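This report considers aromatic contacts, charges placed over rings, and the packing of two helices. The sequence and the structure are shown first.

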Amino acid sequence: MTEAALAAAPVRAAAPPLALLDDPLELRGFTSFSADAAGRQVAESSLALGGLHCGSCAGLIEQALRNVPGVLSASVNAAAQRATVRWDTGRTRASDLVGAVQRAGYTAAPDTAAGARAQRQAERRSATWRLFVAAFCSMQIMMMAAPAYFAGPGELAPDLKQLLDWASWLLTLPVLWFSARPFFSGAWRALRQGRIGMDLPVSIGVAVAFVASSGAAFQPGGVFGHEVYFDSIAMFISFLLGGRWLEMAARHRAAEQLETTLGQLPASVLRVRADGSTETVSAQRVAPGDVLRVPAGQAFAADGVLTRGSTQADEALLSGESRPVPKQPGDAVVAGSLNLQAPVEMQVQRVGADTRHEAIVALMRQALSQRPTLARAADRWAGPFLGVVLLLAAGAPLAWWFIEPERAVWVAVSVLIVTCPCALSLAAPSAVLAATGALARRGVLMRRLDALETLAGVQQLFVDKTGTLTEGQLRCSAVHWLPAASGVGPADALQQRAASLAGWSSHPLARALAADAQAGQAVAFDWQAIEEQPGRGLQARDEQGRTWRLGSQAFVCAAEPGPVAGSSRAPAGPQVWLGCEGSALACFVLAEQLRPGTAEAVRQLQAEGVRLTLLSGDSPERAAALAARLKLDGAHGGLQPQDKLTLLRQAQQRGQRVAMLGDGINDAPVLAQADVSLAMGEGALVTRSHADAVVVSNRLADVADARRLSQRMLRVVRQNMAWAAAYNAACVPLALAGLLPPWASGLGMAISSLVVIGNSLRLARHSSRQV
């Protein structure tokens, strides 16, 4: 089969009109629906925001959304610029939510890849123009101010000095009206909400400096003296806008990396008609049962099964697995994975919110819309700090009025600018966001951001067995051939015959044996008179009329077979015997296979002081055997969910910080009780819904990496807060003493925020395996 690859053309998408947001098909792209206890339909929408500059902006947007009738809850993450809103579909609409954000002075668009890209492009364009105007005017104002700086006493005529001041005043107007507008509008929005935002001291400082400079320019020697600060105003705004531009660029890079991590579904697909022809339809129109043709290089648009063709799929964005996964007809494919090799056809099984891709996207949206405890703590400190700043800014000029009146305004402006707590507000959110993105690239998705702080201090990790430490499927671990086998046929042919006969049974041991037959190497056998005896095994006749049996030793062996060849004792583990005409030929030993890297991850966690205890519903003997194999610190088998819960609570009562890693439905109560809970990505839906994080990579090693990265994140947060405190401790006295001009204050504040952002981005640049 050969198909031309679908040419991929870049699509530039803009935010849709408000009325279009209420279209059910469009709404499904960024909204999920459920019913509450009262039976009403509740929607949860994710919005991409724009225009946020500090932590207080998040509170303003949350308040604006909550004021919309029908909104049940709203959560905004300023660092990620995301909002999650739960609303009553009978009382409001999605367009009302976006309209409320826009009326509050910000921008909003559906949180889809196209909408978010358009939002970022518009924000980047606006920020670049504001910075350009401020920087260009600053250079011109500095040229006007240069004669006053370099001229000696009496060398600059007063009328020429006043003319230069007037020119500087004129050039400052576009800086204030256009470039500084975000500061003034942010301060005004905060005041309307009855709050003190971080833009307030900046706006007051700029306004006071401009008023004082204007008075000095138009009435030299009057109440405002003769000193003007137009150059300081323009430079300060340029420095601050430059810092915010770099911060925005870092945030956009993180968002783009996250979009890449989550993958992107195609906007249109090729649907195969009943007559074999194809039609191009919107991916939103795909339904279960449809057959899609997927060209090489395109992402799968839905979950389903391959029906035609062979290829390799890149599932790294969904599972963290970097190696391409071979796909044959009958294999499952997941939405968001990339078809790498050849055109194929698939039958759709799950679409939209039911796909694994959308489940991962929903988890990340939920996490990015949260405000972690560390960020809320920083916001609580920022509020009182701003109050103290305003008091200092009011007291400092009064003191300087009696010392050196002409410098009073200069000192007030410097104090207001240098103490703006932008760095303090960014200390925690920037680090948490960077760590969350790094974990997502490793295959660990955080549902609750606060869990990162808890995970760093975990002392006891309880783990489930089947599906967590092991793959949950039995595999043939050893084959013991008996002497009679040599007279029947070669070993490979006998093993294929055993797998073929096992395929006629639904017993778990038979299914495991049949699954071990290599794809493409299975041999067709003409079995007749097939009969299965429950609890014993299968019996059938081959083309030569010989009777074969597959099952328990007592069923297969007409007589005692004697010792197993090559072994002095009975093989350990579940066994499946193969016999012909009453003679035992082989014993297949089955065992659960450890997930790759499990043993190494156990050793890493134990080396870091974490105790690992196995909690399993399997028999105590098998649980103890696996614990001994992995050298775990403890094992408990034969447990009911309540038993697991009791053991976990006992550990918590001893003062230990406890984590739980599981995958089954019976693990849900224990996950809910644990201090931090993790669910395997292949686990039950109810288990994932109770977990703080989902390990979509299904690797225990990534849990160990997540713990180390969370510890490093806490160190980065402490470093950021220490830097913010040290910066203010050093610069505030200098500003109060009149040793720090306004332009230097603006430069220092911008550098302080950039240091915090750059320090946090170290978490995103290094994979969690390198921490």
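How many aromatic pairs does the structure hold? In this predicted model, there are 8 aromatic pairs. A pair of aromatic rings is described by the distance of the centres and the angle of the planes. Two of the pairs are set out below.

| Pair | Centre to centre | Angle between planes | Class |
|---|---|---|---|
| W481 and F588 | 6.2 Å | 75° | edge-to-face |
| W527 and W548 | 6.4 Å | 80° | edge-to-face |

**Aromatic pairs and cluster**

W481 and F588 form an edge-to-face pair. Because W481 belongs to strand 17 (residues 470-481) and F588 to strand 22 (residues 583-594), this pair ties together parts that are 107 residues apart in sequence. Is each partner buried or partly exposed? W481 is partly exposed, having a relative accessible area of 24%, whereas F588 is buried at 0%.

For W527 and W548, the planes stand at 80°, so this pair is edge-to-face. The pair links distant parts of the chain, 21 residues apart: W527 is found in the loop between helix 16 (508-515) and strand 18 (528-533), and W548 in strand 20 (residues 547-551). Both W527 and W548 are buried.

Elsewhere, one aromatic cluster is formed by W129, F132 and F136.

**Charges over rings**

R130 is placed over the face of F178, at 4.9 Å from the ring centre. Similarly, R181 lies over the face of W177, and here the distance from the ring centre is 4.8 Å.

**Helix 5 and helix 6**

Two packed helices are described by the angle between their axes and the distance between the axes. The axes of helix 5 (residues 158-179) and helix 6 (residues 181-192) come within 5 Å and cross at roughly 50°. Helix 5 is therefore oblique to helix 6. Which residues make the contact? Helix 5 contributes L176, W177, F178 and S179, while helix 6 contributes R181, P182, F183 and F184. By character, the residues of this contact comprise 6 nonpolar, 1 polar and 1 charged. W177 and R181, which take part in the contact, are also the ring and the charge of the arrangement at 4.8 Å.

**Surroundings of Q341**

Q341 is situated in the loop between strand 13 (338-339) and strand 14 (344-350). Apart from neighbours within four places in sequence, Q341 is in contact with A296, S310, T311 and Q312. Between Q341 and K327, the C-alpha to C-alpha distance is 10.0 Å, with a separation of 14 residues in sequence.

Key: Residues numbered from 1 in each chain as written. Predicted model: local features only at pLDDT ≥ 70, side-chain atom pairs only at ≥ 80, totals over all residues. Heavy atoms only, no water. Phe/Tyr/Trp six-rings, centres within 6.5 Å; stacked < 30°, edge-to-face > 60°. Helix = DSSP H or I, 4+ residues; strand = E, 2+ residues; numbered from the N terminus. Buried < 20%, exposed > 50% of the residue type's maximum accessible area, 1.4 Å probe, protein only. Lys NZ or Arg CZ within 6 Å of the ring centre and 35° of its normal. Axes fitted to C-alpha atoms, helices over the stretch in contact; angles between N-to-C directions. Parallel < 35°, antiparallel > 145°, perpendicular 65-115°, else oblique. Contact = heavy atoms within 4.5 Å. Nonpolar A, V, L, I, M, F, W, Y, C, P; charged D, E, K, R; others polar.
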